[in-house]
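Me: I would like to go through this structure by question and answer. Keep the replies short, and end each one on the name or value I ask for.

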Amino acid sequence: MSKLRVLIVDDEPNLLESFKIGLELKDYAVSIAPGGREAIAKCEDVRFDVVLLDIRMPEMDGMETLRHLKQRRPDQVVIMLTAHGSLKSAIEAGRLGAHDYLEKPSTPEAVDLRIQKAIESRTLSEENRLLKSQLRDKYRFEGLIGNSPAMQDVYALMERITSTESTVLITGATGTGKELVARALHYNGPRSEQRFYALHCAAIPEELLESELFGHEKGAFTGAVSQKIGIFEAANGGTLFLDEVGEMSLAAQVRLLRVLQEKEFIPVGSTTSKKTDVRLIAATNRNLAHQVKEGRFREDLYYRLDVIEIPLPSLRERRDDIPLLVKHFLQKYAGARARIQISEEVIARLIRHDWPGNVRELENVIERAVALCTADLIALSDLPANLQQETVSALSGSESYAHLSLQEARETFEQGYIKEVLTKTGGNITHASRIAGIAWQNFHQKLKKYSIDAKSFAKK
């Protein structure tokens, strides 16, 4: 392991030599500079782990030298040295980016301890930056798997709102990836350096949900043996994701509305309000507009949450993405069995399935298949029983697809399916898109792709 490089900057020759000898005995690689200009020049040529910098020096003092060092290398660790310690100097040095402050004279042991703490702090900061960078990579928009038109619409909307802090409502069926979208918005947004908190409203008993959200005082209710900080307080400055917000009781909805309106809340059992600054992202698999009409969701809260809505398509609305998703999950679960593949017959079967559990169901199927597969090729026998027993669609008749590529087989199947649905609906595109379970715009795009004239299916 290479030695830590330390630069000592001081205009006192005796102190320089004393520090140099003491730190070299502690196994540091030590360089010295008698003034600020010399220190700046040395730092241009060598990357020092730590700079020990005297405040009081002629020509260029320590504060000015510190400014130059931090301008050139913002992550440079600097410990200020002074024989004239004062709170004012310490505050000013810290404001300019100094890591620590050490009074002279100090023993080599004391200096060594400060250097080690500074290095540990720098290492932790670098690890935090790396972790945040990895999180941003993991949850970047491209990390959301899918190239279908439906997903391209989602990406485009996310891109437009990524720099805002507006409240977002993510809608879609269970298993469509609502939390993944919420995390992508956070880690690509203005609060990416802060914490992301997620709370599944349906997983918390109704009588405890308010306590989880807003915290409680000791003795506020039976079992409240100590004070508890709520998630709105813990998430202050960051992003709070409330999943299945449609499951909240009307009482909890009232309190949530107050937080959104006033940016403050009152813990259960308290009379004192607390301020909070969070970016709220909510999600639901329910139709909140219908719940409002039925009196099960507050209209004023609905409009507070629905500032920007991101509707996520079901998996059957984006069947073109299934091969991509399968490849992703194979890589995720294959582990040491990196050579494992999946047969085209299985891919075709997966594309035809309706996937009521959406992407989450598909992921579970692939994980199970990888675990049960005894060869390097996943076959139909490795799938769950409901997928093994699924009959081939009547659209394919007795025609064989074996001579076609997977893409050609998928397109052939899709064309036949679209024509049959249009036949059933008499060429009514709106009705046909509802049967197909995809947006009208996406259905219309497929008609253009396959040059299908819906009018030709009108009933005469």
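Me: Which residues are linked with Arg 191 in a network of salt bridges?
Reply: This is a predicted model, so side-chain atom pairs count only at pLDDT 80 or more. Side chains of opposite charge can pair when their charged atoms come close. Arg 191 shares its network of salt bridges with two acidic residues, Glu 165 and Asp 277.

Me: How many salt bridges does a search of the whole structure find?
Reply: Arg 318 with Asp 321 is one salt bridge, with the closest N and O atoms 3.0 Å apart. Glu 363 with Lys 332 is another, at 2.7 Å from N to O. The search of the whole structure finds 22.

Me: Is Arg 318 buried or exposed?
Reply: Arg 318 forms a salt bridge with Asp 321. Asp 321 is buried. Arg 318 is likewise buried.

Me: Asp 354 and Arg 319 meet in a salt bridge. How many residues apart are they?
Reply: The N to O distance of this salt bridge is 2.9 Å. Asp 354 sits in the loop between helix H14 (344-352) and helix H15 (358-372), and Arg 319 in the loop between strand E12 (308-311) and helix H13 (322-334). The pair links distant parts of the chain, 35 residues apart.

Me: Buried or partly exposed: which is Asp 354, and which is Arg 319?
Reply: Buried means under 20% relative accessible area, and exposed means over 50%. Asp 354 has 46%, so Asp 354 is partly exposed. Arg 319 has 19%, so Arg 319 is buried.

Me: Which helices hold Glu 363 and Lys 332?
Reply: The side chains of Glu 363 and Lys 332 meet in a salt bridge. Glu 363 is buried, at 15% relative accessible area. The pair ties together parts 31 residues apart in sequence, because Glu 363 and Lys 332 lie in H15 and H13, respectively.

Me: In the sheet with the order E2-E1-E3-E4-E5, which strands stand at the edges?
Reply: This open sheet has 5 strands with parallel pairing. An edge strand here has a single partner strand, so one of its sides is left without a neighbour in the sheet. The edges are strand E2 (29-33) and strand E5 (100-103).

Me: What is the handedness of the β-α-β crossover from E1 to E2?
Reply: E1 and E2 run parallel, joined by 5 bridges. Arg 5 has Ala 29 of E2 as its bridge partner. Between the two strands the chain passes through helix H1 (residues 13-25), and the crossover is right-handed.

Me: Which residue of E3 is the bridge partner of Ile 8?
Reply: Strand E1 (residues 5-9) and strand E3 (residues 50-54) run parallel, with 4 bridges. Helix H3 (residues 62-72) lies across E3 and strand E4 (77-82), at about 155° to E3. The partner of Ile 8 is Leu 52.

Me: In the sheet with the order E7-E8-E11-E6-E12, which residue of E11 stands opposite Ile 170?
Reply: This too is an open sheet of 5 strands with parallel pairing. Strand E6 (residues 168-171) is joined to E11 by 4 bridges. Opposite Ile 170 stands Ala 283.

Me: Which strands of this sheet does helix H6 (residues 149-161) touch?
Reply: H6 packs on the sheet, and its direction makes about 155° with that of E12. The strands touched are E6, E11 and E12.

Me: Which helix supplies the largest share of the largest nonpolar core?
Reply: The largest nonpolar core has 29 residues, and Leu 213, Phe 232 and Leu 256 are among those with the most contacts inside it. Helix H8 (206-214), helix H10 (250-262) and helix H12 (299-305) are among the elements that each supply at least two residues. The largest share, 5 residues, comes from H10.

Me: Which residues of H14 are buried?
Reply: The buried residues of H14 pack against elements including H13, H15 and helix H17 (406-425). Buried in H14 are Val 346, Ile 347, Arg 349, Leu 350 and Ile 351.

Me: Which residues does Asn 442 contact, leaving aside neighbours within four places in sequence?
Reply: Asn 442 is in helix H19 (residues 440-449). Its relative accessibility is 8%, so Asn 442 counts as buried. Its contacts are Pro 149, Ala 150 and Asp 153.

Methods. Residues numbered from 1 in each chain as written. Predicted model: local features only at pLDDT ≥ 70, side-chain atom pairs only at ≥ 80, totals over all residues. Heavy atoms only, no water. Salt bridge = Lys/Arg side-chain N within 4 Å of Asp/Glu carboxyl O. Buried < 20%, exposed > 50% of the residue type's maximum accessible area, 1.4 Å probe, protein only. Pairing = 2+ DSSP bridges. Contact = heavy atoms within 4.5 Å. Axes fitted to C-alpha atoms, helices over the stretch in contact; angles between N-to-C directions. Right-handed = clockwise from strand over helix to strand, strands pointing away. Core = buried A, V, L, I, M, F, W, Y, C linked by side-chain atoms within 4.5 Å.
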